[in-house]
Amino acid sequence: MTEEQKDLQHPQRKTARREMSRRQFLSYTLGGTGAFMVGVPILYNLRFAVDPLLQKKEGGEWHKVIEANKVTEEPQSIKFKVHVVDGWYESEQQMEAWIAKDANGNIFALSPVCKHLGCTVNWNGNPDYQNQYYCPCHGAHYTVDGKQLAVASAPLDEYTVRVDENGWVYLGDIKPNTRVK
Ligand code: FES
């Protein structure tokens, strides 16, 4: 016996079957709409919550700072800005490098951050230490290559440097000093 024949014999059965379908339809529709309305904002906000953690850290960037033919054996202070992403917080950070060329014409750049407690060193910052970097906080001083001579226990860090085909100097990441032992 087919479903239709059963319905003809028991009309209330057909009504019950129809109502069940209607109820199921409403339940699926409302349930689906509700899930959509709740789920979409959650997923949307979750994306913002998780994204900064999944993003690659900035690094390996190069910053164009000076023409190579303007670099002298006398260190010059160069200031430039880097874009820093720290989790959800983004900012522009002012950086400084002391850039010079050695007797062989190789360009190098040192970080001004004192290796004692992190103050900022200056070239020829103290008349008692001619042609040296000097830190005003506790008197550390360094050679032109960044070698520590007093107070600090390590040489000044160094920037990675490259010169492009147009003669511009670019500074990259900061690394431990390679110029002194
Ligand atoms: S921080 Fe430079 S000497 Fe102490």
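**Exercise 1. Surroundings of Trp 168**

Task: Identify which residues Trp 168 touches, not counting residues up to four places away in sequence.

Solution. Step 1: Trp 168 touches Lys 64, Glu 67, Ala 68 and Val 163 under that exclusion, where contact requires C-beta atoms, placed from the backbone, to lie within 7 Å of each other. The model is predicted; local features need a pLDDT of at least 70 and side-chain atom pairs count only at pLDDT 80 or more, whereas totals for chains, interfaces and linings use all residues. Residue numbers start from 1 along each chain as its sequence is written.

Step 2: Trp 168 is placed in strand E10. Strands (E, at least two residues) and helices (H or I, at least four) are DSSP runs numbered from the N terminus.

Step 3: Lys 64 is 104 residues from Trp 168 in sequence, yet their C-alpha atoms are 6.7 Å apart.

Step 4: Trp 168 is partly exposed because 14 other C-beta atoms lie within 10 Å. The scale calls a residue buried if 20 or more other C-beta atoms lie within 10 Å of its own, exposed if 12 or fewer, and partly exposed in between, with C-beta atoms placed from the backbone.

**Exercise 2. Confidence and overall make-up**

Task: State how many helices and strands the protein has, and which stretch has a pLDDT below 50.

Solution. Step 1: There are 2 helices and 10 strands, and the order from the N terminus is α-α-β-β-β-β-β-β-β-β-β-β.

Step 2: The average pLDDT (the predictor's confidence in each residue, from 0 to 100) is 84, and 70% of the residues score at least 70. Residues 52–58 have a pLDDT below 50, and this stretch has 6 contacts in the model beyond near neighbours in sequence.

Step 3: Of the 181 residues, 17% are buried. Among contacts between residues at least 6 apart in sequence, 42% join residues at least 24 apart.

**Exercise 3. The nonpolar core**

Task: Name the residues with the most contacts inside the largest nonpolar core.

Solution. Step 1: A nonpolar core is a set of buried Ala, Val, Leu, Ile, Met, Phe, Trp, Tyr and Cys residues joined through C-beta atoms within 7 Å. The largest one has 19 residues, and Ala 97, Ile 99, Ala 109 and Val 121 have the most contacts inside it.

Step 2: At least two residues of this core come from each of strands E3 (89–101), E4 (107–110), E6 (133–134) and E10 (168–175).

Step 3: Residues up to four places away aside, Ile 99 touches Ile 66, Val 71, Pro 75, Gln 76, Ile 78, Ile 107, Ala 109 and Val 169. In soluble globular proteins, nonpolar side chains tend to be buried together.

**Exercise 4. Two hairpins and a loop residue**

Task: Determine how many bridges join E2 to E3 and E3 to E4.

Solution. Step 1: Strand E2 (residues 76–86) is joined to E3 by 11 bridges, and the two run antiparallel; pairing requires that DSSP finds at least two bridges. Val 82 has Gln 93 in E3 as its bridge partner. The hairpin of E2 and E3 has 2 residues between the strands, and its Gly 87 takes a positive phi near 65°.

Step 2: E3 and E4 are antiparallel and joined by 4 bridges, with Lys 101 bridged to Ile 107 in E4. This second hairpin has 5 residues between the strands, with Gly 105 at a positive phi near 85°.

Step 3: Val 82 also meets Glu 61, which touches Val 82 and Gly 172 when residues up to four places away are not counted. Glu 61 lies in the loop between helix H2 (11–54) and strand E1 (63–67). Glu 61 counts as exposed because it has 11 C-beta neighbours inside 10 Å.

**Exercise 5. The open sheet and positive phi values**

Task: Give the strand order of the open sheet of 4 strands, and locate Asn 124 and Val 151.

Solution. Step 1: The order is E5-E6-E7-E8, with antiparallel pairing. Strands E5 (122–123) and E8 (148–150) are the edges, each pairing on one side only.

Step 2: Strand E7 (residues 141–142) pairs with E8 over 2 bridges, and His 141 stands opposite Ala 150.

Step 3: Asn 124 is in the loop between E5 and E6, and Val 151 is in the loop between E8 and strand E9 (158–163). Most residues other than glycine have a negative phi. Nevertheless, phi is positive at about 55° for Asn 124 and at about 70° for Val 151.

Step 4: Asn 124 counts as partly exposed because it has 13 C-beta neighbours inside 10 Å. Val 151 counts as partly exposed because it has 16.

Definitions and conventions:
Contact = placed C-beta atoms within 7 Å.
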